[in-house]
Protein chains: 2
Amino acid sequence: MQTSMTTVTSLKAFQALVNEIHDLGATQSLLGWDLETMMPAKGAPLRAKQLATLAKLSHNLMTSPDMQEHLKTLRQPSIYDRLDTMSQALVREVGIVFDKSAKTPIELLQEMVETTAEAHSSWVEARANKQFKQFEPVLRKIISLNQRLAEALGYEDSPYDALLDEYEPGLTVKQLDPLFAKLKAELVPLLKGIHGSGYQPDVSFLHEGTFPAPRQLAFSEMVLREMGFDFEAGRLDLSAHPFSSGSSTLDVRLTTRVDEHDVFSALSSSMHEGGHGMYEQGINPALNRTPLASGTSLGIHESQSRMWENQVGRSKAFWRAYLPKLQAAFPELGSVTLDQFYHAINRVKSTFIRVESDEVTYNLHILMRYEIEKALIEGRMKVDEIPEAWAAKMQDYLGITPRNDAEGALQDIHWSHGSFGYFPTYTLGNLYSAQFFNTAKQQLGNLEETISQGQLLPLKNWLNKEIHAVGKMETADTIVRRVTGEPLNASYFVDYLWAKYGEIFSIKR
Amino acid sequence: MQTSMTTVTSLKAFQALVNEIHDLGATQSLLGWDLETMMPAKGAPLRAKQLATLAKLSHNLMTSPDMQEHLKTLRQPSIYDRLDTMSQALVREVGIVFDKSAKTPIELLQEMVETTAEAHSSWVEARANKQFKQFEPVLRKIISLNQRLAEALGYEDSPYDALLDEYEPGLTVKQLDPLFAKLKAELVPLLKGIHGSGYQPDVSFLHEGTFPAPRQLAFSEMVLREMGFDFEAGRLDLSAHPFSSGSSTLDVRLTTRVDEHDVFSALSSSMHEGGHGMYEQGINPALNRTPLASGTSLGIHESQSRMWENQVGRSKAFWRAYLPKLQAAFPELGSVTLDQFYHAINRVKSTFIRVESDEVTYNLHILMRYEIEKALIEGRMKVDEIPEAWAAKMQDYLGITPRNDAEGALQDIHWSHGSFGYFPTYTLGNLYSAQFFNTAKQQLGNLEETISQGQLLPLKNWLNKEIHAVGKMETADTIVRRVTGEPLNASYFVDYLWAKYGEIFSIKR
């Protein structure tokens, strides 16, 4: 009886502390969103200080004697085993963060936050000037901080493993190397086949003329609404690089960017970010104010964005319903046929910009970043060698060479965020998305037909129920096994690509 | 030597702690801005929790044993007297907040933050429905919390004094009662004279037709730029009720609201908020991350907004330069003469809405709020008696009766913010603004001429130097004496009104 009372008291105090830490995290998330969408330029240095202070206070709470005491109590098997499932998940997930925080020196954390907030402005400027050199000093600092972080967290084989684990718990170089090797082995013949087919879809009508930004944004909003994104619990704004960020299931912020000479890219990135956003909105709201109210891993998160962007947004079924609507918004597309449009948005072509690349080449973009990141963190490459390495790998895998650094190593926001080990989760997302979509088609029976009638909610509801609702209460591996009946299997993605692009380019596997 | 080392160490640690507390305050300010401009509706309950957590952490730091120890050391006369001026001001100002925080129970503070965040949605809804009843339950809670706060802080005569002191340090009912009595005595004859003049300017052209919101916003932005508001260190957005909020001298957020059937009100409120914003931007940036980087009192703050809104924005000199620009933006005003326009924007007419009232009647709006607030806090009036009291006083002072609660007691955002004792600072602002402007005219010599040539920067630079730069290092009383050579004197405001409106309405004092 006494023990039980102590457990209840400790659990309540633990939950309250977790809520406070999560409120600080939600606040940091909002400040980060504001930094990239709304903040006036001169606000950057003080915003960096604010973020550093919040990170410090959050770290202090996470590593406080109170937290240590609560976890010590609640992790005892005799107590842990009698907790409800949600409390067990909370103790487990907070325990992981606690263990990592305990290993991370507070000064390192603060330096990281301050450096990355400065890095953002530096990256924006360097990118505008197309001068990687301008970004080098701060990037050098970021890499050194990541190396120190990896040492602090510990690893078995590569320091890069310690960083991978931050985004995809458990993922290692040992697992990734063969995975990428396999993808490369499958994608090269497919690309060869496509190049050898002699066919390239006409994409000129996607870029001919001017597609006014307000009308593009309105179209994106309309599609997001029909996908089921809740605008009473979210927003869509503009930023230099599209992203989604959520401070709770009830406040999810998406951004996109509009190119007035491209009728498709803003919509495509909106659907992508919408997939992320609907994951956050779809989590059981009872998990709010805890770390369980979040996607279980970046790989699973990316599977949701990729599914809406590609399996849906680049499918013939979707455009059967939406091409007439797009033509109503942009009458200059009036004479385009469904097949012409479907082929155009699925053109396969080596491109400089990862986020504008196609489904076939995308993972080669990730592969080169993976190799460069690994070499940087393992100390086998120096920062000023990046542009050359970038050009060489791009030539090697994609057969093209960027004309300047904005088309090359400055295109991604990730390094300015301090994120190393993040890129590989994009490839995991592609693999998971194909596997989940295959199951959705089996379980929903007529999925392609409903999509072709413009009904997107059956898929959204299925994803809510099967994947979103549990939040971080289940691991990625548990979810994929529960939903699809087997662990991650790359063959669904490869099969999907061969079936789709084999048909478009009239080639056989 | 030993003492001196201890002092230096203590001062540095004190400053670092103050910086952290201020970062939390800046964060709360941004979350508040977001709440009223950007946040999706469903985000409200969790935003309330986030704000409550930040307030709690901030309170914890402010009342921490470390802070107590630092202040104890630094307040010793033998040490304090040897500090530099800025450090002395910091110890003084933080000491005041510390003493107040120490008296305020943390639970009360948290309850206040949570209640007011909820109150905002309640107020927005009640106002949309024009139903004061819907706002009553939460307002009752807010008043009770303010009464508990007053008891905790302590006071001599009225509990309302404890609340006044939060906004205008040292201000009491004893000082305000005769001040308002004097203003009432001076304004009634002026109003009588105006009514008896038989003249009412034609204002129809201000409201005829539609003045598109984007063009109004662009005009407001142009004027703000020419006033000297720095858009690299600030923004202008839309909200239900205009306000300005700053998290530093380098990030100041203004809001306005646009009525497409009123060409003047958005501009006028933009100039008002711009005056507040330029005060914050004008403070010595070395004071950032401390409470010294803020206006010294709400009265002085309001003097800056009022000066730009009225002494400048309703002057003939200003419109000599800007009427042609307004006519270029809105050609339908093309045939309006300078005198017609100047008279129209200075019409004197009893109106329901405080923020739309004129310079002559404005302080009567404040007087009735002052009387109602005092009665509520002193327990002489109940919340459900407000609409009736409102109607009676409005009839008494202004001769009109609101048709519904949106035109009555629901028009102001202040009570939903938990602010009682705030309104009187508006009247102080009017008095200070006239006194400062009188000195500016004397010292700048040709001020009206430069303004009539569209040169607004000489006034802005004078205000920066004389009033803004010191931030909170000097008290309101010190500033007004240093700048104008005497303490607050209501006669400048009364003289200004008589001179201006005597001329417009052809009446003699």
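**Figure 1. Pairing of strands β1 and β3 in the predicted model of chain A.** Arg235(A) has Arg253(A) as its bridge partner in β3(A). A further pair in this view is formed by Asp237(A), whose bridge partner in β3(A) is Thr255(A). Strand β1 covers residues 234–238 of chain A, runs parallel to β3(A), and is joined to β3(A) by 5 bridges.

**Figure 2. The hairpin of β2(A) and β3(A).** Strand β2 of chain A, residues 244–248, runs antiparallel to β3(A), and 4 bridges connect the two. Between β2(A) and β3(A) lie 2 residues. Ser248(A) stands opposite Asp251(A), which belongs to β3(A).

**Figure 3. The sheet of chain A and the environment of β3(A).** The open sheet has 3 strands in the order β1-β3-β2, and its pairing is mixed. At the edges stand β1 and β2 of chain A, each of which pairs on one side only. From one strand to the next, the twist averages 15°. Strand β3 of chain A spans residues 251–256 and is mostly covered, with 6 of its 6 residues buried. In a regular strand, side chains alternate between the two faces of the sheet. Which residues of β3(A) are buried on one side, and which on the other? Asp251(A), Arg253(A) and Thr255(A) are buried on one side, while Val252(A), Leu254(A) and Thr256(A) are buried on the other, and both faces of β3(A) are thus covered.

**Figure 4. The contact between domain 1 and domain 2 of chain A.** The domain assignment places residues 2–103 of chain A in domain 1 and residues 173–505 in domain 2. Taken over C-alpha atoms, the centres of these two domains of chain A are separated by 31 Å. Across the boundary, 18 residues of domain 1 of chain A are in contact with 15 residues of domain 2 of chain A. On the side of domain 1 of chain A that touches domain 2 of chain A, the elements giving two or more residues are α1 and α5 (85–103) of chain A. The largest share of that side, 11 residues, comes from α1(A). Classified by residue type, the side of domain 1 of chain A that touches domain 2 of chain A has 9 nonpolar, 6 polar and 3 charged residues.

**Figure 5. The interface between chain A and chain B.** In this interface, 30 residues of chain A are in contact with 30 residues of chain B. At least two residues of the side of chain A that touches chain B are supplied by each of α1 (2–37), α2 (44–62) and β1 of chain A. Helix α1(A) gives the most to that side, with 8 residues. The side of chain A that touches chain B has 14 nonpolar, 7 polar and 9 charged residues.

**Figure 6. The relation between chain A and chain B.** Chain A is superposed on chain B by a rotation of 180° with 0.0 Å of shift along its axis, and the RMSD is 0.0 Å. The two copies are therefore related as by a two-fold rotation axis. Why do the copies meet through the same surface? Of the interface residues of chain A, 100% are also interface residues in chain B, so the copies meet through the same surface.

**Figure 7. Positive phi at Lys130(A) and at Lys130(B).** Lys130(A) is a residue other than glycine, yet its phi is positive, near 55°. Lys130(A) lies in the loop between α6 (106–129) and α7 (132–153) of chain A. Because 15 other C-beta atoms lie within 10 Å, Lys130(A) is partly exposed. In chain B, Lys130(B) is likewise not a glycine and has a positive phi of about 55°. The loop between α6 (106–129) and α7 (132–153) of chain B holds Lys130(B). Lys130(B) counts as partly exposed, with 15 C-beta neighbours inside 10 Å.

**Figure 8. The surroundings of Ala55(B) in helix α2 of chain B.** Helix α2 of chain B comprises residues 44–62, and Ala55(B) is located in this helix. Is Ala55(B) buried or partly exposed? With 19 other C-beta atoms within 10 Å, Ala55(B) is partly exposed, because a residue is buried if 20 or more lie within that distance. Leaving aside neighbours within four places in sequence, Ala55(B) is in contact with Gln28(B), Leu109(B), Gln110(B) and Val113(B). Glu114(B) is 59 residues from Ala55(B) along the chain, and the C-alpha atoms of the two are separated by 9.9 Å.

Terms used:
Residues are numbered from 1 along each chain as its sequence is written. Chains are lettered from A and ligands numbered from 1 in the order in which they are written. This is a predicted model: local features need pLDDT of at least 70, side-chain atom pairs count only at pLDDT 80 or more; totals for chains, interfaces and linings use all residues. A residue is buried if 20 or more other C-beta atoms lie within 10 Å of its own, exposed if 12 or fewer, and partly exposed in between; C-beta atoms are placed from the backbone. Two strands pair if DSSP finds at least two bridges between them. Axes are lines fitted to C-alpha atoms, for helices over the stretch in contact, and angles run from 0 to 180 degrees between N-to-C directions. Two residues are in contact if their C-beta atoms, placed from the backbone, lie within 7 Å. Ala, Val, Leu, Ile, Met, Phe, Trp, Tyr, Cys and Pro count as nonpolar, Asp, Glu, Lys and Arg as charged, and the others, Gly among them, as polar. Domain bounds come from an automatic or database domain assignment. Copies are superposed by least squares on the C-alpha atoms of residues with pLDDT of at least 70 in both.
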